[in-house]
Amino acid sequence: MMSEGYPVKKYDNPVKRYCQILEIADNPELIALYKECHSKDKHWKEIRESIRSVGILEMEMYISSNKVFMIVETELDFNWEDSMNRLASMPRQAEWEEFVAKLQGCEPQATSAQKWMPMERMFHLYDD
């Protein structure tokens with residue numbers, strides 16, 4: 001874990017952020033495999049390209065025990081539901097979802113909305 005924090009991308013335009021959480025199988029071997037398959041060396045590049053092609057500017061995932069927290073940054077006019085439907089139809093996406101479903105402890109045909117739970121922002125440094 002980085003005690004110095006993580007760098008954040010800067011954008012020329014305002015963006016919006018989605019935050020979601022997923023509980024994966026509570027099994028150290030599966031957690032290690034889940035982390036490995038998302039690593040820079042082992043992730044599926046086609047999936048990363050598909051994610052970007054639907055308008056996602058940045059996606060970060062953080063893990064603690066068997067809880068995965070995801071941050072997605074997009075343009076302000078981004079439509080989550082439409083984009084997730086487009087993403088689901090892209091090459092290799094079904095294969096990827098079937099693969100990670102084994103690690104997530106869910107059915108292979110489960111949609112993103114059935115796996116990832118949106119989180120409600122309850123605080124930020126409000127402007128006065």
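**Helix H2, backbone angles and pockets**

Visitor: In this predicted model, what phi does glycine 55 take just after H2?

Guide: The model is a predicted one, in which local features need pLDDT of at least 70. Glycine 55 comes just after H2, and the sign of its phi is positive. The value for glycine 55 is about 105 degrees.

Visitor: Do the buried residues of H2 line one face of the helix or several, and within what arc do they fall?

Guide: The residues of H2 that count as buried are Ile47, Ser50 and Ile51. Seen down the axis of H2, these buried residues occupy a limited arc, so they line one face of the helix. The elements against which they pack are E2, H3 and H4. The arc within which the buried residues of H2 fall is one of 100 degrees.

Visitor: Which residue in the loop between E2 and E3 has a positive phi without being glycine?

Guide: Most residues other than glycine have a negative phi. The residue in question is exposed, since its relative accessible area of 54% is over the 50% cut-off. Its phi is near 60 degrees, and the residue in the loop between E2 and E3 is serine 65.

Visitor: Where is arginine 92 found, given that it has a positive phi although it is not a glycine?

Guide: The phi of arginine 92 is about 70 degrees, a positive value. With a relative accessible area of 32%, arginine 92 is partly exposed. Arginine 92 is found in the loop between H3 and H4.

Visitor: Is serine 83 buried or exposed, and which residues does it touch beyond four places away in sequence?

Guide: Serine 83 is found in helix H3. Its relative accessible area is 4%, which is under the 20% cut-off, so serine 83 is buried. Leaving aside residues up to four places away in sequence, serine 83 touches Val54 and Phe78.

Visitor: How far from cysteine 106 is the nearest cysteine sulfur?

Guide: The structure holds 0 disulfides, and cysteine 106 is accordingly in no disulfide. Cysteine 106 counts as partly exposed, at 24% relative accessibility. The nearest cysteine sulfur belongs to cysteine 37, and a disulfide would require the two sulfur atoms to lie within 2.5 Å. The distance from cysteine 106 to that sulfur is 12 Å.

Visitor: Which element gives the most residues to the lining of the largest pocket?

Guide: The largest pocket has a volume of about 1400 Å³, and 45 residues line it, with His38, Ile51, Met59, Met61 and Met70 lying nearest its centre. The elements giving two or more residues to this lining include helix H2 (45-53), strand E3 (67-75) and helix H4 (93-104). By class, the lining of the largest pocket divides into 25 nonpolar, 10 polar and 10 charged residues. The element that gives the most, with 8 residues, is E2.

Visitor: How many charged residues are there in the lining of the second largest pocket?

Guide: About 260 Å³ of space lies in the second largest pocket. Its lining is made up of Arg17, Tyr18, Cys19, Met119, Glu120, Arg121, Met122 and Phe123. One of these residues, cysteine 19, is partly exposed, with a relative accessible area of 22%. The lining of the second largest pocket has 5 nonpolar and no polar residues, and its charged residues number 3.

Technical notes. Residues numbered from 1 in each chain as written. Predicted model: local features only at pLDDT ≥ 70, side-chain atom pairs only at ≥ 80, totals over all residues. Heavy atoms only, no water. 1 Å grid on protein atoms, 1.4 Å probe; cavity = no way out; pocket = protein on both sides within 12 Å on 5 of 7 lines; lining within 4 Å. Points joined across faces, edges and corners; volume = space filled by probe spheres on them. Helix = DSSP H or I, 4+ residues; strand = E, 2+ residues; numbered from the N terminus. Nonpolar A, V, L, I, M, F, W, Y, C, P; charged D, E, K, R; others polar. Buried < 20%, exposed > 50% of the residue type's maximum accessible area, 1.4 Å probe, protein only. Arc of directions from axis to C-beta. Contact = heavy atoms within 4.5 Å.
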